[in-house]
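Please work through the exercises below with the sequence and the model open side by side. Each task is followed by a solution that proceeds step by step.

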Amino acid sequence: MDPLFGQHLRERLNPADRSPLYHQIFMVLRNHILDGTLPFGMQLPTEEQLASVFEVSRITAKRAMDELASEELVERKRGRGSHVVYRYTQKPVTAPLIGMLQEIESMARNSIAIVLECAMLPPPQDIRVELELREDEPALHLVRVRERESRKFGYYVSWTAGVAEPQDPSIFVTEPRLSYFRRNGLELTHVTQTLSAAVADSHIASALDIRENSPLLTLTRRSYNKIPDGEVLRDLLLVSYNPDHFQYKMDLKID
């Protein structure tokens with residue numbers, strides 16, 4: 001049986017959840033199919049194997065599989081077993097840039113930043129290549145912790161090309177970086193964001209007042225500027241959020 005179907009999968013079931021066990025199993029498998037963890041064409045365990053994995057009856061396992069089949073996520077054929085028929089494709093969410101930037105600035109104005117580092121430094125090699133800088137060419141390096149109501153919710157590390165170091169780094173305590181960029185002639189025209197998860201190393205844990213290896217929500221934001229023959233990356237921001245104090249909510253509507 002595939003190693004994906006181990007104890008960690010059973011632990012996804014919530015004993016406090018009042019919904020039927022078959023539905024909980026269905027939702028666990030459904031989410032793994034929709035996010036591509038269980039890929040197209042994969043053969044799923046038999047009902048007996050699923051019953052063993054989740055420590056439930058075969059009837060419960062069968063009903064969960066029937067629900068997956070009814071949503072056309074899996075195909076069940078006698079003698080051939082059950083196979084995933086949903087094809088996962090990564091589909092980035094698009095949103096108006098103006099609205100996104102306004103939301104970013106609003107969050108900045110409604111929190112306080114603790115500036116830990118602010119200097120013009122040569123970026124690490126991988127970031128230098130992304131920013132298309134010459135060797136030893138500096139960029140504005142900024143490290144901050146953001147807090148609201150004395151709760152530290154985010155650890156921010158950024159590298160920005162095309163702007164100078166401010167005379168007084170404390171301006172970033174209350175002023176959004178985007179406002180500083182605009183005042184210094186850097187207009188962003190395209191932003192991409194990637195959400196992921198990680199655990200806190202000792203440095204981030206100390207900065208956010210959490211335990212080492214605590215779970216984090218991470219965001220990587222790349223901001224670009226138009227040039228005559230395309231666009232160039234000007235700002236790379238890496239954020240680690242404490243999920244106990246921060247949520248990233250999107251309200252999307254189907255056209």
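For the first exercise, Ala, Val, Leu, Ile, Met, Phe, Trp, Tyr, Cys and Pro count as nonpolar, Asp, Glu, Lys and Arg as charged, and the others, Gly among them, as polar. The model is a predicted one.

**Exercise 1. The second largest pocket**

Determine which residues line the second largest pocket, and classify them.

Solution. Begin with the size: the volume of the second largest pocket is about 150 Å³. Next, collect the lining, which consists of Gln43, Leu44, Pro45, Thr46, Glu47, Glu48, Arg58, Met65, Arg76, Lys77, Gly81 and Ser82. Sorting these residues by class gives five charged, four polar and three nonpolar residues. Finally, assign the lining to secondary structure: at least two lining residues come from each of α3 (47–54), α4 (58–70), β1 (74–77) and β2 (81–84).

**Exercise 2. Helix α2 and its burial**

Establish how far helix α2 reaches from its first C-alpha to its last, and which of its residues are buried.

Solution. Helix α2 covers residues 21–34, which is 14 residues, and its end-to-end C-alpha distance of 20 Å is close to the 20 Å expected at 1.5 Å a residue. For burial, the cut-off is a relative accessible area under 20%. The buried residues of α2 are Tyr22, Gln24, Ile25, Phe26, Val28, Leu29, His32 and Ile33. In reading such a list, it helps that an α-helix has 3.6 residues a turn, so residues three or four places apart point the same way. After the helix comes Gly36, with a positive phi near 85°.

**Exercise 3. Contacts of helix α4**

Work out what Thr60 and Glu67 touch beyond residues up to four places away in sequence, and whether each is buried or partly exposed.

Solution. Take Thr60 first, which is located in helix α4. Thr60 counts as buried because its relative accessibility is 18%, and it touches Leu21, Tyr22 and Ile25 when residues up to four places away in sequence are set aside. Glu67 also belongs to helix α4. With a relative accessible area of 28%, Glu67 is partly exposed, and under that sequence filter it touches Tyr22 and Phe26. A C-alpha distance adds to the picture: Glu67 and His23 are 44 residues apart along the chain, yet their C-alpha atoms are separated by 8.2 Å.

**Exercise 4. Positive phi outside glycine**

Locate Glu132 and Asp209, which have a positive phi although neither is a glycine, and decide how exposed they are.

Solution. For Glu132, phi is about 55°, and the residue sits in the loop between α6 (125–131) and β4 (139–148). Its relative accessibility is 57%, so Glu132 counts as exposed. For Asp209, phi is about 60°, and the residue sits in the loop between α8 (202–208) and β7 (215–227). Asp209 is exposed as well, because its relative accessible area is 58%.

**Exercise 5. The chain as a whole**

Summarise the secondary structure, burial, contacts and surface of the protein chain.

Solution. The secondary structure comprises eight helices and eight strands. Of the 255 residues in the protein chain, 38% are buried. Among contacts between residues at least 6 apart in sequence, 60% join residues at least 24 apart. The chain exposes about 15,600 Å², of which carbon and sulfur atoms supply 49%.

Conventions:
Residues numbered from 1 in each chain as written. Predicted model: local features only at pLDDT ≥ 70, side-chain atom pairs only at ≥ 80, totals over all residues. Heavy atoms only, no water. 1 Å grid on protein atoms, 1.4 Å probe; cavity = no way out; pocket = protein on both sides within 12 Å on 5 of 7 lines; lining within 4 Å. Points joined across faces, edges and corners; volume = space filled by probe spheres on them. Helix = DSSP H or I, 4+ residues; strand = E, 2+ residues; numbered from the N terminus. Expected span 1.5 Å × (residues − 1). Buried < 20%, exposed > 50% of the residue type's maximum accessible area, 1.4 Å probe, protein only. Contact = heavy atoms within 4.5 Å. Areas by Shrake-Rupley, 256 points an atom, 1.4 Å probe, with all protein chains shown as cover.
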